[in-house]
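Hi everyone, thanks for coming. Let me put the structure up on the screen, and then I'll walk you through a few places in it.

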Amino acid sequence: MWLRALLFAATAVAGGAVIGRSAVDKAVKSRVSQSVEIAKTAAIEELSRETTSVVRQKVLSVAVSLLWKVAIISALFALHEANDLTERGFQLIVIVITAGFAIRDIMLMAPHIWRGYLYVRGHHWKPATALKEFIARIVFDRAYEKALEATSEPGARQAIALSSYTKEALSEEIALAVSDVARTASIRIIRLRVLLGLAIIAAVSGTYSGFIYFALSRT
């Protein structure tokens, strides 16, 4: 009789523990769902800000570089106009300097172009897919680190300890959801900004080329 009573009591305790854990699981899942929605919005806003910042920096870098080139060639042109530099000498120096600028630019861009080539080739020559996966991987890593930090806080750590989840599993779930959103939205966010940046760079580069042509045609 006493054994039956003991087994009944143990079953009741176990059942209460299961019910308690189930309730904690639901609470944790609810908080995770809320966290995912917040993280999605934050990730899209961050991606938009970073894309704008990167494009702005690249455009500014190209503009400053071309400004220095124009300044150097303008100084040479001034020497030529002051008869301190012969016509042949001016043309030769401008051609050599322009070629040197072009070689320098190619050398600076070559590593980035090579890495991009390898990455696109690894995605079956689909640039859009490669870009989406590249963005998704960066966003996943960031979201995972942030989620891991959040789930390591005292309150969250205690709730997770009472549930059937682990902080690593929850962090991965949040990061995957956020990276999926970034993967979907990345092209839409990046396309307009990149096209605008390329248009500005093309306009500035065209102005630089026109200046070179003008300087050489005046000699």
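Let's begin at Ser 48, which sits in helix H1. Its side chain makes a polar contact of 2.7 Å with the side chain of Arg 193. If we set aside residues up to four places away in sequence, Ser 48 touches Ile 189 and Arg 193. Please keep in mind as we go that this is a predicted model.

Now a step back for the overall layout. The protein has five helices and zero strands, so for anyone who likes the string notation, from the N terminus on it reads α-α-α-α-α. There are 219 residues, and 22% of them count as buried. Here is a number for the contact-map people: take contacts between residues at least 6 apart in sequence, and 77% of them join residues at least 24 apart.

So which residues have the most contacts inside the largest nonpolar core? They are Val 32, Ile 135, Val 139, Ile 174, Val 178 and Ile 189, in a core of 18 residues. Helices H1, H3 and H5 each supply at least two residues of this core, and H5 gives the largest share, with eight.

Let me zoom in on two of those names. Ile 174 first: leaving out neighbours within four places in sequence, Ile 174 is in contact with Val 32, Ser 35, Val 36, Ala 39 and Ala 147. Besides this core, there is a second, separate one of 11 residues, and Leu 66, Leu 76, Phe 77 and Ile 212 are included in it. We'll meet Phe 77 again in a minute.

The other name is Val 178, which lies in helix H5, residues 167-217. Is Val 178 buried or exposed? Its relative accessible area is 2%, and the cut-off for buried is under 20%, so Val 178 is buried. Again without neighbours within four places, its contacts are Val 36, Ala 39, Lys 40, Ala 43, Val 139 and Ala 143. There is also a backbone distance to look at here: the C-alpha atoms of Val 178 and Phe 140 are 6.8 Å apart, with their positions 38 residues apart along the chain.

Right next in the sequence comes Ser 179, also a residue of helix H5. Ser 179 has a relative accessible area of 3%, so this serine is buried. Its contacts beyond four places in sequence are Ala 136, Val 139 and Phe 140.

Several of those partners bring us to H3. This helix has 25 residues and spans 36 Å from its first C-alpha to its last, close to the 36 Å expected at 1.5 Å a residue. Its buried residues are Ala 130, Ile 135, Ala 136, Val 139, Ala 143, Ala 147 and Thr 151. For those of you who look at the spacing in such a list, an α-helix has 3.6 residues a turn, so residues three or four places apart point the same way.

Next, the aromatics. How many aromatic pairs does a search of the whole structure find? It finds six. In the pair I'd like to show you, Phe 77 and Phe 214, the ring centres are 6.4 Å apart and the planes are at 45 degrees, so this pair counts as tilted. The two rings come from distant parts of the chain, with Phe 77 in helix H1 (residues 2-81) and Phe 214 in helix H5, 137 residues apart. Phe 77 counts as buried at 15% relative accessibility, whereas Phe 214 is partly exposed at 40%. Ring pairs also bring in Phe 90, linking Phe 77, Phe 90 and Phe 214 into a cluster.

One more ring before we leave this topic: the charged end of Lys 69 sits over the ring of Tyr 208, 5.9 Å from the ring centre.

Finally, something for the backbone fans. His 124 is in the loop between helix H2 (87-121) and helix H3 (127-151). His 124 is not a glycine, yet its phi is positive, at about 60 degrees. With 65% relative accessibility, this histidine counts as exposed. Trp 125 is found in the loop between H2 and H3 too, and its phi is likewise positive, near 60 degrees, in a residue other than glycine.

That's my tour. Thanks for listening, and I'm happy to go back to any of these views.

Terms used:
Residues are numbered from 1 along each chain as its sequence is written. This is a predicted model: local features need pLDDT of at least 70, side-chain atom pairs count only at pLDDT 80 or more; totals for chains, interfaces and linings use all residues. Side-chain values use heavy atoms; hydrogens and water are left out. Helices (H or I, at least four residues) and strands (E, at least two) are DSSP runs, numbered from the N terminus. Buried means under 20% relative accessible area, exposed over 50%, partly exposed in between (1.4 Å probe, protein chains only). Contact means heavy atoms within 4.5 Å. Rings of Phe, Tyr and Trp (its six-membered ring) pair if their centres lie within 6.5 Å; planes under 30 degrees apart count as stacked, over 60 as edge-to-face and the rest as tilted. A charge sits over a ring if NZ of Lys or CZ of Arg is within 6 Å of the ring centre and within 35 degrees of the ring normal. A polar contact is a pair of N or O atoms within 3.5 Å; within protein, one must be able to donate a hydrogen and the other to accept it, and residues adjacent in sequence count only if both atoms are side-chain atoms. The expected span of a helix is 1.5 Å times one less than its number of residues. A nonpolar core is a set of buried Ala, Val, Leu, Ile, Met, Phe, Trp, Tyr and Cys residues joined through side-chain atoms within 4.5 Å.
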